[in-house]
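Here's a quick tour of a chain and how its parts pack together. Have a look at the sequence and the structure first, then read on.

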Amino acid sequence: MGLLEQCEAAFGAADLYQVLGVRREASGDEIRRGYHRVSLRVHPDRAAPDRKEEATRHFQLLGKVYAVLSDQDQRALYDEQGIVDEESDALSQDRDWEEYWRLLFKKITIKDIEDFEKKYKGSEEELADVKAAYEDFKGDIDKIMESVLCVDYTDEPRIRKIIQQAIDSGEVPSYKVFVKESKQKMNARKRRAQEEAKEAEKTREELGLGDGEDDLKALIQSRNKDRKKEIDDFLAQMEAKYGNNSKKGGKKTVPKKAKK
């Protein structure tokens, strides 16, 4: 079974860009961030014992996807013909994909993440990311809030203000799905976020955790890795952006949509 068929079986998408959650027009840095973010979610070290073998397979597949899309010739072949050269050196079966991954991404600390968040919020970079996410998702605020770094539901009024100012100034188009969003959808999003926050706090209390780095790691490992905006997803998103020292367009994406 070829790489595209394996990706469809493992991730439900035969499109390599969708697997990494990036747009087909994504820059090399965006592809790198997408690879980092998704690989953190399926890294064997984060998997439960009974899922470690599956996680290892998925992790190896992601390495191959990134190897194709980060190679200029391989990516051009895929873009033009929709095929992958399975015999290429980029997909060598002998490669240690975990070692390859660790060479690409440095280890960062919780303090690194906190420091980054302080610098990022309200920065020109955040403004650019919000506007880019708005255009990428055609005004869908649910997806925008999932895409922009360091935000939770309490940031929504601020994010909306940024977007509205950009619309008013003509920097971005006016999408009906944004300007005419129903109160029902707004309230549903707020309820989901509040429920997730309560679950996070409940888990922390049940495990008797504090606020230290080891405690946060324990909380991250204890929670469902598929839950939206969970703490380990947040950590992955921060690592993906901060870890490779990107300068612009540090949007995050999720594998469910072909973007960024």
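## H3 against H4

Let's start with a helix pair in this predicted model. Helix H3 (residues 28–42) packs on H4 with the two axes 9 Å apart and an angle of about 175° between them. That angle is why H3 counts as roughly antiparallel to H4.

On the H3 side, the contact uses Ile31, Arg32, Tyr35, Val38, Ser39 and Val42, while H4 brings Ala55, His58, Phe59, Leu62, Gly63, Tyr66 and Leu69. Sorted by class, the contact of H3 with H4 has nine nonpolar, three polar and one charged residues.

## H1 on H4

H4 (residues 52–69) also meets helix H1 (residues 3–11): their axes come within 11 Å and cross at roughly 135°. So H1 sits oblique to H4. As for handedness, the crossing of H1 past H4 is left-handed.

Which residues do the touching? From H1 there are Leu3, Gln6, Cys7, Ala10 and Phe11, and across from them in H4 sit His58, Leu61, Leu62, Lys64, Val65 and Val68. By class, that makes eight nonpolar, two polar and one charged residues in the contact of H1 with H4. His58 and Leu62 turn up in the H4 list here, and they're also part of what H4 offers to H3.

## H8 across H10

Further along, H8 (124–136) meets helix H10 (residues 156–168), with axes that come within 10 Å and cross at roughly 75°. That puts the pair in a different category, because this angle makes H8 roughly perpendicular to H10.

Glu126, Leu127, Val130, Lys131 and Tyr134 in H8 face Arg158, Ile159, Ile162, Ile163, Ala166 and Ile167 in H10. The class tally for H8 with H10 reads eight nonpolar, no polar and three charged residues.

## Phe178 and its neighbours

Is Phe178, over in helix H11 (residues 176–179), buried or exposed? Its relative accessibility is 3%, which is under the 20% cut-off, so Phe178 counts as buried.

Setting aside anything within four places in sequence, Phe178 touches Tyr134, Gly139, Ile141, Arg160, Ile163, Gln164 and Ile167. Tyr134 is 44 residues from Phe178 in sequence, yet the two C-alpha atoms are 8.9 Å apart. Three of these partners, Tyr134, Ile163 and Ile167, also belong to the contact of H8 with H10.

## Two local details

Just after H8 comes a backbone oddity to look at: Lys138 isn't a glycine, but its phi is positive, at about 50°. You'll find Lys138 in the loop that links helix H8 (124–136) to helix H9 (141–147).

The other detail is Gln18, in helix H2 (residues 16–20). Its relative accessible area is 34%, so Gln18 is partly exposed. Gln18 lies 16 residues from Gly34 in sequence, and their C-alpha atoms are 9.7 Å apart in space.

## The chain as a whole

Stepping back, how many helices and strands does the chain have? It has 14 helices and zero strands, and the pattern along the sequence is α-α-α-α-α-α-α-α-α-α-α-α-α-α.

Of the 260 residues, 47% are buried. Among contacts with a separation of 6 or more, 66% link residues 24 or more positions apart. The chain exposes about 13900 Å², with carbon and sulfur atoms supplying 46% of that area.

Terms used:
Residues are numbered from 1 along each chain as its sequence is written. This is a predicted model: local features need pLDDT of at least 70, side-chain atom pairs count only at pLDDT 80 or more; totals for chains, interfaces and linings use all residues. Side-chain values use heavy atoms; hydrogens and water are left out. Helices (H or I, at least four residues) and strands (E, at least two) are DSSP runs, numbered from the N terminus. Buried means under 20% relative accessible area, exposed over 50%, partly exposed in between (1.4 Å probe, protein chains only). Contact means heavy atoms within 4.5 Å. Accessible areas come from the Shrake-Rupley method with a 1.4 Å probe; for residues, only the protein chains shown count as cover. Axes are lines fitted to C-alpha atoms, for helices over the stretch in contact, and angles run from 0 to 180 degrees between N-to-C directions. Angles under 35 degrees count as roughly parallel, over 145 as roughly antiparallel, 65 to 115 as roughly perpendicular and the rest as oblique. A crossing is left-handed if the near helix is turned anticlockwise from the far one by less than a right angle, and right-handed if clockwise. Ala, Val, Leu, Ile, Met, Phe, Trp, Tyr, Cys and Pro count as nonpolar, Asp, Glu, Lys and Arg as charged, and the others, Gly among them, as polar.
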